[in-house]
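The following exercises are to be worked with the sequence and the model open side by side. Each task is followed by a solution in steps.

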Amino acid sequence: MKVPTKSFIIVASIMFSATLLYNVMNISHGESQEAIQVDKKSNMYSNSSLPVVYEQFNAAQADKVTFISTKSDLSKAAVTYLIHEKEEERVKESLTLLYKNFLEMFPYPVILFYDESYSDEALQRLQKFTDTLPVRVMFRRIDFKFPSNFNPEVDKEVIWPGVIGYKLMIRFWFYEVFNLMSNYDFYMRMDTDSFIHSKITYDPFKVMEKKGYTYAYRYITEDASPVCEGMLDFIDKYAKEHDTLASVNNLYSFIPAPEKRRDYLPQMFYNNFEIAKIDRFLSKDILEFKNEVDKTKRIFTHRWGDAPLRFYESKLFLDWKREVWHFCDFVYEHRNHKLTFQKC
Ligand SMILES: Nc1nc2c(ncn2[C@@H]2O[C@H](COP(=O)(O)OP(=O)(O)OP(=O)(O)O)[C@@H](O)[C@H]2O)c(=O)[nH]1
Ligand SMILES: [Mg+2]
């Protein structure tokens, strides 16, 4: 690995400090410097309002300021996790890094979705931890749902039988999360094995708003073909029977001819980190597509994943050149795969 020179480090430090100071000054000139309490009582099941600022800006202590944005600077957005009791320590580590590298500067609320399998004792332990973070953390209980036509007693699981929680998780991120987040403009998805290791020095939600992006991804890779069996045929058929952006987005560079599909690895967003514009994913054309995916039952019978589904969904409905953003300006680790992505 190339070792940075001393002068490079000095220049990089100056640039980082300048960016920070620029943000500080910008906000200090903003209209509403609200004062400032950590509202631990708001640590509830609600998503009614956005967070307040915790600490008044003091120019003389610029280097000590722990974060910067005010409520009025923030977009209507939240960071979302789906949590699982067995990952308690990881979610704490992930939240700690998220705070240090993002929320300290841009205090967006965090929503932790959990289902009935999460015990009360474990929830209380986690809440005790989140109370120590100076950000608003909301716990929201969800009820996972099967598609209406799927009967777990009858429908045969061809691949990965019995991993039903994982498949419900897939449907949650593919489908249900958008309904649950409909009071917001954006979510930033984090998984319990997602870790942000360097400062995000600007507000990505604002970038999305200003540029009109509706989806931001970190990385594109490939899924395994057995768990995607039939997906490319389904997408191909869907594109042929509906009015979509398939040709604008060159969809068929990612779907080979039928006889070559068996060995092709479908593309997928590495969407253990992603930002999505909620109303775009609740639009009529996309909902119709999601319903058709549900009707195939293949998330449950074949473990079709939300990651390749999201990729092909975006190729069908989002105008990639205008709406899709490769947001990679931070060091990101996805621990389950032992992968760390450097800034691009
Ligand atoms: N409540 C609940 N959450 C789950 C379940 N399975 C996974 N999750 C959560 O859903 C998110 C994604 O799960 P992962 O196991 O990381 O899934 P993945 O990213 O597809 O798999 P990897 O590529 O191995 O990381 C994580 O935040 C998990 O905590 C489940 O059965 N129940
Ligand atoms: Mg993961």
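**Exercise 1. The strands on either side of β1**

In which sense do β1 and strand β2 (residues 110-114) pair, and over how many bridges? Then establish how β1 pairs with β4 and how its residues are covered.

*Solution.* The model is a predicted one.

Step 1. β1 and β2 pair in the parallel sense, and four bridges link them. To locate the register, find T80, which stands opposite I111 in β2.

Step 2. The pairing of β1 with β4 is parallel as well and comprises four bridges. Here A78 has Y187 of β4 as its bridge partner.

Step 3. A residue counts as buried if 20 or more other C-beta atoms lie within 10 Å of its own. By this criterion six of the six residues of β1 are buried. A77, V79 and Y81 lie on one side, while A78, T80 and L82 lie on the other, and both faces are covered.

**Exercise 2. The seven-stranded sheet**

Determine the strand order of the sheet that contains β1, and identify which strands stand at its edges.

*Solution.*

Step 1. The order is β3-β2-β1-β4-β9-β6-β10, an open sheet of seven strands with mixed pairing.

Step 2. The edge strands are β3 (137-141) and β10 (324-326); each has a single partner strand, so one side of each lacks a neighbour in the sheet. From one strand to the next, the twist averages 20 degrees.

Step 3. The mixed pairing can be followed strand by strand. β4 and β9 run antiparallel and are joined by five bridges, with F186 opposite K277 in β9. β6 and β9 are also antiparallel, joined by three bridges; Y215 has A276 of β9 as its bridge partner. By contrast, β6 (residues 215-217) pairs with β10 in the parallel sense over three bridges, and A216 stands opposite W325.

Step 4. Examine β9 for burial: five of its five residues are buried. F273, I275 and K277 are on one side and E274 and A276 on the other, so that both faces are covered.

Step 5. Add the helix. Helix α5 (residues 204-211) lies across β1, β4 (186-190), β6, β9 (273-277) and β10, and runs at about 40 degrees to β9.

**Exercise 3. The three-stranded sheet and K338**

Describe the sheet that contains β11, and decide whether K338 is buried or exposed.

*Solution.*

Step 1. Three strands in the order β5-β11-β12 form an open, antiparallel sheet. β5 (194-196) and β12 stand at its edges with a single partner strand each, so each has one side without a neighbour in the sheet. On average, neighbouring strands are turned by 15 degrees against each other, direction ignored.

Step 2. β11 and β12 are joined by three bridges. Y332 has F341 in β12 as its bridge partner.

Step 3. K338 is placed in the loop between β11 (332-334) and β12 (339-341).

Step 4. Apply the cut-off: a residue is exposed if 12 or fewer other C-beta atoms lie within 10 Å of its own. K338 has 7 such atoms, and is therefore exposed.

Step 5. Compare sequence with space. K338 and D193 are 145 residues apart in sequence, and their C-alpha atoms are 9.8 Å apart.

**Exercise 4. The surroundings of ligand 1**

Which residues come nearest to ligand 1, and why does the ligand lie between two domains?

*Solution.*

Step 1. Around ligand 1 there are 15 residues, of which H84, G165, D191, T192 and N336 come nearest.

Step 2. The elements that give two or more residues to this shell are β1 (77-82) and α4 (164-180). The largest share, three residues, comes from α4.

Step 3. Sorted by class, the shell consists of five nonpolar, six polar and four charged residues.

Step 4. Ligand 1 lies between domain 1 (1-143) and domain 2 (170-344) because both give residues to its shell.

**Exercise 5. The chain as a whole**

How many helices and strands does the protein chain have, and what percentage of its residues count as buried?

*Solution.*

Step 1. The chain has 11 helices and 12 strands.

Step 2. Of its 344 residues, 32% count as buried.

Step 3. Among contacts with a separation of 6 or more, 86% are between residues 24 or more positions apart.

Definitions and conventions. Residues are numbered from 1 along each chain as its sequence is written. Chains are lettered from A and ligands numbered from 1 in the order in which they are written. This is a predicted model: local features need pLDDT of at least 70, side-chain atom pairs count only at pLDDT 80 or more; totals for chains, interfaces and linings use all residues. A residue is near a molecule or strand if its C-beta atom, placed from the backbone, lies within 6 Å of it. Ala, Val, Leu, Ile, Met, Phe, Trp, Tyr, Cys and Pro count as nonpolar, Asp, Glu, Lys and Arg as charged, and the others, Gly among them, as polar. Domain bounds come from an automatic or database domain assignment. Two strands pair if DSSP finds at least two bridges between them. Axes are lines fitted to C-alpha atoms, for helices over the stretch in contact, and angles run from 0 to 180 degrees between N-to-C directions. Two residues are in contact if their C-beta atoms, placed from the backbone, lie within 7 Å.
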